[in-house]
Amino acid sequence: MQKNYKPHPNSFKNTFCAFHEVLPDRVAGLKKQFESKAGSTYYYTEEGMYRVSNHWGRLANSKWRLIALEPETQSKIKIGFAKWEEFYPDNADEKLYYIDADFETNTANYQHKKNPDYDGKAILRTSFETTKRLKQVRNLQQLTSWAKHFDYDDIDDLRKQIINELIFTEKSLEEIKREIYGTQ
């Protein structure tokens with residue numbers, strides 16, 4: 001029988017966490033310990049938390065993201081698991097976040113500086129600054145209209161060059177484009 005583990009009620013306020021999607025068998029037999037007004041259910045273990053929900057992202061005063069299984073499950077309701085030590089502090093003032101781009105899958109996301117994968121190279125920014133830059137990165141990944149002013153052989157190489165500058169420098173997008181355009 002499951003031991004009733006209960007974290008402190010305020011332990012999730014102002015946190016960032018990336019949950020990993022798991023299959024339903026992981027919560028089978030566990031006792032539901034909390035249900036939110038929005039219908040998400042929570043299962044606590046000594047290792048961490050399972051969250052069953054149809055919505056992820058900003059939650060009240062926290063940023064909780066779900067990293068989906070590959071291949072992605074079809075259900076709208078997803079089950080995520082995170083270890084207790086993967087809940088990192090969040091606030092609007094500190095430079096806590098960096099952007100991580102995957103050029104093979106053409107995706108980008110923000111990560112917390114306490115993420116064990118952080119190598120200290122990407123510039124840390126506040127959540128507001130990170131959100132603004134992330135939008136620019138995603139536009140570069142998904143659109144092509146921005147490239148019409150450039151003389152390039154491979155748009156993917158051009159994208160990568162600009163995105164890396166956005167991630168690893170403090171330069172504005174306009175400065176980066178001017179520098180690249182000026183070297184042509």
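## Exercises on a predicted model

Asn106 is found in the loop between β9 and β10, in a model that is predicted rather than determined by experiment.

**Exercise 1. Describe the backbone and the accessibility of Asn106, and then treat Asn14 in the like manner.**

Solution. Begin with the backbone of Asn106, whose phi is near 60°, a positive value in a residue other than glycine. Next take its accessibility: the relative value is 35%, and because partly exposed covers what lies between the 20% and 50% limits, Asn106 counts as partly exposed.

Turning to Asn14, place this residue in the segment before β1, the strand of residues 15-22. Its phi is also positive, about 50°, although Asn14 is not a glycine. With a relative accessibility of 40%, Asn14 therefore counts as partly exposed. For its surroundings, leave out residues up to four places away in sequence; Asn14 then touches Asn61, Ser62, Tyr88, Pro89 and Asp90. As a last step, relate Asn14 to a residue of helix α2: the C-alpha atoms of Asn14 and Gln161 are separated by 34 Å, and the two residues are 147 apart along the chain.

**Exercise 2. Locate the cis peptide bond that involves Pro71, and state its omega.**

Solution. The bond in question joins Glu70 and Pro71, with omega at about -5°. To place it in the fold, note that Pro71 lies in the loop between β6 (62-67) and β7 (78-83).

**Exercise 3. Decide whether Thr126 is buried or exposed, and list its contacts outside the local sequence.**

Solution. Thr126 has its place in the loop between β10 and α1. Its relative accessible area is 12%, and since buried means under 20%, Thr126 is buried. Once neighbours within four places in sequence are set aside, Thr126 is in contact with Ala92, Asp93, Glu94, Lys95 and Tyr97.

**Exercise 4. Classify the packing of α1 with α2, and then that of α2 with α3, from their angles.**

Solution. For the pair α1 and α2, the axes are 10 Å apart and the helices pack at an angle of about 175°. Angles over 145 degrees count as roughly antiparallel, so α1 and α2 are roughly antiparallel to each other. On the α1 side the contact is made by Arg133, Gln136, Val137, Leu140 and Gln141, and on the α2 side by Arg159, Ile162, Ile163, Glu165 and Leu166. Sorted by class, this contact of α1 with α2 has five nonpolar, two polar and three charged residues.

For the second pair, the axes of α2 (residues 155-168) and α3 (residues 173-182) come within 10 Å and cross at roughly 135°. That angle makes α2 oblique to α3. The handedness of this crossing of α2 and α3 is right-handed. Helix α2 contributes Leu158, Gln161, Ile162, Glu165 and Leu166 to the contact, while α3 contributes Leu173, Ile176 and Ile180. The contact of α2 with α3 has, by class, six nonpolar residues, one polar and one charged.

**Exercise 5. Which residues have the most contacts inside the largest nonpolar core, and which elements supply it?**

Solution. The general expectation comes first: in soluble globular proteins, nonpolar side chains tend to be buried together. In this model the largest nonpolar core has 26 residues, and Leu140, Trp146, Leu158, Ile162 and Leu166 are those with the most contacts inside it. At least two residues of this core come from each of β9 (97-102), β10 (107-112), α1 (127-142), α2 and α3. Helix α2 supplies the largest share, six residues.

As a worked instance, take Leu140, again without residues up to four places away in sequence: Leu140 touches Trp146, Arg159, Ile162, Ile163, Leu166 and Leu173. A second core, separate from the largest one, has 12 residues, including Tyr42, Met49, Trp64 and Ala82.

**Exercise 6. Summarise the order of elements, the extent and the contact pattern of the protein chain.**

Solution. Count the elements: the protein chain has three helices and 10 strands. Read from the N terminus on, their order is β-β-β-β-β-β-β-β-β-β-α-α-α. For the extent, the C-alpha trace spans about 70 × 35 × 30 Å along its principal axes. For burial, 41% of the 184 residues count as buried. Finally, consider contacts between residues at least 6 apart in sequence, of which 64% join residues at least 24 apart.

Key. Residues are numbered from 1 along each chain as its sequence is written. This is a predicted model: local features need pLDDT of at least 70, side-chain atom pairs count only at pLDDT 80 or more; totals for chains, interfaces and linings use all residues. Side-chain values use heavy atoms; hydrogens and water are left out. Axes are lines fitted to C-alpha atoms, for helices over the stretch in contact, and angles run from 0 to 180 degrees between N-to-C directions. Helices (H or I, at least four residues) and strands (E, at least two) are DSSP runs, numbered from the N terminus. Angles under 35 degrees count as roughly parallel, over 145 as roughly antiparallel, 65 to 115 as roughly perpendicular and the rest as oblique. A crossing is left-handed if the near helix is turned anticlockwise from the far one by less than a right angle, and right-handed if clockwise. Contact means heavy atoms within 4.5 Å. Ala, Val, Leu, Ile, Met, Phe, Trp, Tyr, Cys and Pro count as nonpolar, Asp, Glu, Lys and Arg as charged, and the others, Gly among them, as polar. A nonpolar core is a set of buried Ala, Val, Leu, Ile, Met, Phe, Trp, Tyr and Cys residues joined through side-chain atoms within 4.5 Å. Buried means under 20% relative accessible area, exposed over 50%, partly exposed in between (1.4 Å probe, protein chains only).
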